[in-house]
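Have the model open in your viewer and your selection tool ready? Let's walk through it together, one selection at a time.

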Amino acid sequence: MELKKESNAVAIDMLLIVHSEKRRAAQGTHSDPQAEPDARLQRGGGLPGVGNGIRKWQKLEGNDLHGTQLTVEVHPRDAMPQFLKKFSLAKRLQSDKNGNTRPPQPGNKDAFAYPWDRSSLKSMPLDLHQFEKLDTYASQVTVKSGLDELVSDLLQEAHSDLERVRAIWIWICHHIEYDIEAAQEKDRQAFKPTDILRTQKANCDGYAGLFERMCRIAGVQCMTVPGYSKGFGYQTGQSFSGEFDHAWNAVYLEGRWHLLDSTWGSGLVDKVTSKFTFLYNEFYFLTHPALFIEDHFPDNKNWQLLKPPQSLRQFENSMYHKSEFYNKGMLSAHPDVSMIRTVNGKATITIESCAPTLFMFMLNGKQEHGLLSLQKNGMKLEIYPPTMGTHKLQIFAKGNSDIYSSVLEYTLKCNFVDLGVRLPAELHQPVGPSWFSEQMGIIKPSHPDPVIHTRDGRCSISFGVEEGTSVLASLHGDDGPITEETQRRYIFQLHREKRTELKVQLPHAGKFALKIFVKKRQEPGNYIFVFNYLLCCTNTKVSWPMFPESFGNWGQDNELLEPLSGVLPANRNVPFKLKLHGVAKALVKGQDTWPLTLSHEGYWEGSCSTAGCQEVYVMVLENANHNFYSYILKYRVNTQ
């Protein structure tokens, strides 16, 4: 065979590929670094409208080879093929630097059971703590000259094939930036390793090709795998056809193939600003194939490394769990399909996690129209779309970090709206007590369920409170003149033997959010929202007044028995009965002053006339040697 010598006398590599007569040709793919925490950041997947140089590979349905044909691919030694001229079910007879022939295509021994068995996120046992020293070293290695020297430097601290692969992975993920502009070019040129090292930029085939080349230099068997991905631009339930939009790698370790994606391991692209941000993602290193298939569908089903392999239709219809779903410790979600329909105006979603986790949701970008309750290992969400039609539901999880990350997205189809299930806009998440409220110091609640129904518009809720913890509550509804000033006046808080009781009187029928806040008394800062109850009353005759206004000197252990209404009738003698701790004297002041006396049962009792006054105060003298009285309660007198 004669090869035409180039004028610049560059060295020529010959790549021999044996393949079936049903040859499948492909050119380079691209993918930019799937929606993550704020839904603006996207990880790899094909950008719509680009990749014109990619031809869809012909589908080869059988494993039978009906003859072979020898093909020669010629390219400069330093150039990476525009993509891999790889053919399904073909053996690439290429040797590593030690002269070892590549292993054959993956077989049964490489296949993992599908669906995921929850054993591990990885395809082989790994102790990530053992990589800490190597990771630190590899991330700090700098390019001095060429690729060979870079790999040589990286391998100084690597003593096994696994560690060699890890060092290369860490370096690429921390040094190669996703080249968004190049990914969007119609006539994209192949990424040469020298150009990647110089610019430290690449698209997905650049990442995958560089990874494969570095592994070859390190003596590790590696393949580049093209296929479809659920990354940038992916829409729930979309179909895949035409050009492949992504590429990743398979490495041969300990006698078995394993999968990784350094493009998606490196960082994220903000789809609004089109800026890349380095944000390392461990999930895509040696990912368990039953999880990898959720967003990576290879050209050749053998590279799924699954038994049984999944069809393209299954890939399209399967639920897409983002990497953060598993990074945050999620195990499963139900329904396990991306498109769900409401039943009688409601949809229910449950998530199982391996540890207690905080969740939140957004329906069409707002935290409304749902009841999210935390469970010991997961959560339950009931969604009530406000209108018929199609809705976008996003679910976020917090995990061990301080940031909520997007873990699931559903498309909701609603063909019926239950107008009787209108939830208050101020109903925040979560609803009902849980492991989180217990962690925050609220224990043994009288009402474990998040929804409380009351016929007469009143209810009493109690729970234990850890020592040193203060509790604050407020009532919120969509109807009526409830302002921030009066949100707490429909709640009266009592303390009895390490338990807090909240007496609630609703101003009218409807649905209300009863928010619970806590604060450690010795710690600075504001009260922290913990959870809320949903209070429901259908009795249209309900019209309770506010409780009396309490002041700072109203002690935590004080108890008010009567009068509970903050509005007193005019021209009446009104009885008073309170339990007050640590006071020497108590009185009620209207137009005149009325002393209260301490009974044998420990209650301060007496009465007051409301004639001729608009306000009535309860006052106490804390020290018998002083003459200064403090206001603790205030009532308004009804002048009508």
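The tour below goes from the whole chain to an aromatic contact, then to a sheet with its helices, and ends with two covered strands.

**The whole chain**

Before selecting anything, keep in mind that this is a predicted model. Show the full chain as a cartoon: it holds eleven helices and 39 strands. Now switch on a surface. The accessible area of the chain is about 30200 Å², and carbon and sulfur atoms account for 48% of that. Of the 640 residues in the chain, 53% are buried.

**Stop 1: rings around Phe285**

Aromatic side chains come next. Searching the whole structure turns up 26 aromatic pairs. Select Phe131 and Phe285 and show their side chains. How do these two rings face each other? Their planes are at 90°, so the pair is edge-to-face, with the ring centres 6.5 Å apart. Colour by residue number and you will see that the partners come from distant parts of the chain, 154 residues apart. Phe131 belongs to the loop between strand 5 (112–113) and helix 1 (132–140), while Phe285 belongs to the loop between strand 12 (275–278) and helix 8 (289–292).

Add Trp169 to the selection. Its ring and that of Phe285 have centres 5.3 Å apart, and because their planes are at 45° the pair is classed as tilted. Trp169 lies in helix 3 (residues 161–175) and Phe285 in its loop, so this pair ties together parts that are 116 residues apart in sequence.

Are these side chains buried or exposed? Phe131 is buried, at 5% relative accessible area. Phe285 is buried too, with a relative accessibility of 0%, and Trp169 is buried at 0% as well.

**Stop 2: an aromatic cluster and two charges**

Select Tyr228, Tyr234, Phe240, Phe244, Phe297, Phe315 and Tyr320 together: these residues form one aromatic cluster. Then add Lys230 and look at Phe315. The charged end of Lys230 sits over the Phe315 ring, 4.6 Å from its centre.

Another charge over a ring can be found by selecting Arg256 and Phe112. Here the charged end of Arg256 sits over the ring of Phe112, 3.8 Å from the ring centre.

**Stop 3: an open sheet with helices on it**

Select strands 8, 9, 10 and 13. These four strands make an open sheet, ordered 10-9-8-13, with antiparallel pairing. At the edges are strand 10 (256–260) and strand 13 (296–298), each of which pairs on one side only. Look along the sheet: on average, neighbouring strands are turned by 45° against each other, direction ignored.

Zoom in on strand 9 (residues 246–253) and strand 10, which run antiparallel and are joined by five bridges. To find one of these bridges, label Ala250 and its partner in strand 10, Leu259.

Now bring back helix 3, the helix of Trp169. Helix 3 packs on the sheet and touches strand 9 and strand 10, its direction making about 155° with that of strand 9. Show helix 6 (residues 204–218) as well. Helix 6 lies across strand 8 (222–229), strand 9 and strand 10, and runs at about 20° to strand 9.

**Stop 4: strand 28 and its partners**

Move on to strand 28 (residues 499–505), where five of the seven residues are buried. Which strands pair with strand 28? Strand 25 (residues 458–465) runs antiparallel to strand 28 and is joined to it by seven bridges; label Ser460 and Lys503 to see one pair of bridge partners. Strand 27 (residues 491–496) is also antiparallel to strand 28, with six bridges, including the one between Ile491 and Val504.

Select the turn from strand 27 to strand 28. The two strands form a hairpin with two residues between them, and Glu497 in the turn has a positive phi of about 50°.

**Stop 5: strand 38**

Finish with strand 38 (residues 615–621). Six of its seven residues are buried, so strand 38 is largely enclosed by the rest of the structure. Add strand 35 (residues 585–589), which runs antiparallel to strand 38 through five bridges, and find Val588 opposite Val618. Then add strand 39 (residues 630–637), joined to strand 38 by six bridges, again antiparallel. Here Val620 stands opposite Ser630.

Conventions:
Residues are numbered from 1 along each chain as its sequence is written. This is a predicted model: local features need pLDDT of at least 70, side-chain atom pairs count only at pLDDT 80 or more; totals for chains, interfaces and linings use all residues. Side-chain values use heavy atoms; hydrogens and water are left out. Rings of Phe, Tyr and Trp (its six-membered ring) pair if their centres lie within 6.5 Å; planes under 30 degrees apart count as stacked, over 60 as edge-to-face and the rest as tilted. Buried means under 20% relative accessible area, exposed over 50%, partly exposed in between (1.4 Å probe, protein chains only). A charge sits over a ring if NZ of Lys or CZ of Arg is within 6 Å of the ring centre and within 35 degrees of the ring normal. Two strands pair if DSSP finds at least two bridges between them. Accessible areas come from the Shrake-Rupley method with a 1.4 Å probe; for residues, only the protein chains shown count as cover. Axes are lines fitted to C-alpha atoms, for helices over the stretch in contact, and angles run from 0 to 180 degrees between N-to-C directions. Contact means heavy atoms within 4.5 Å.
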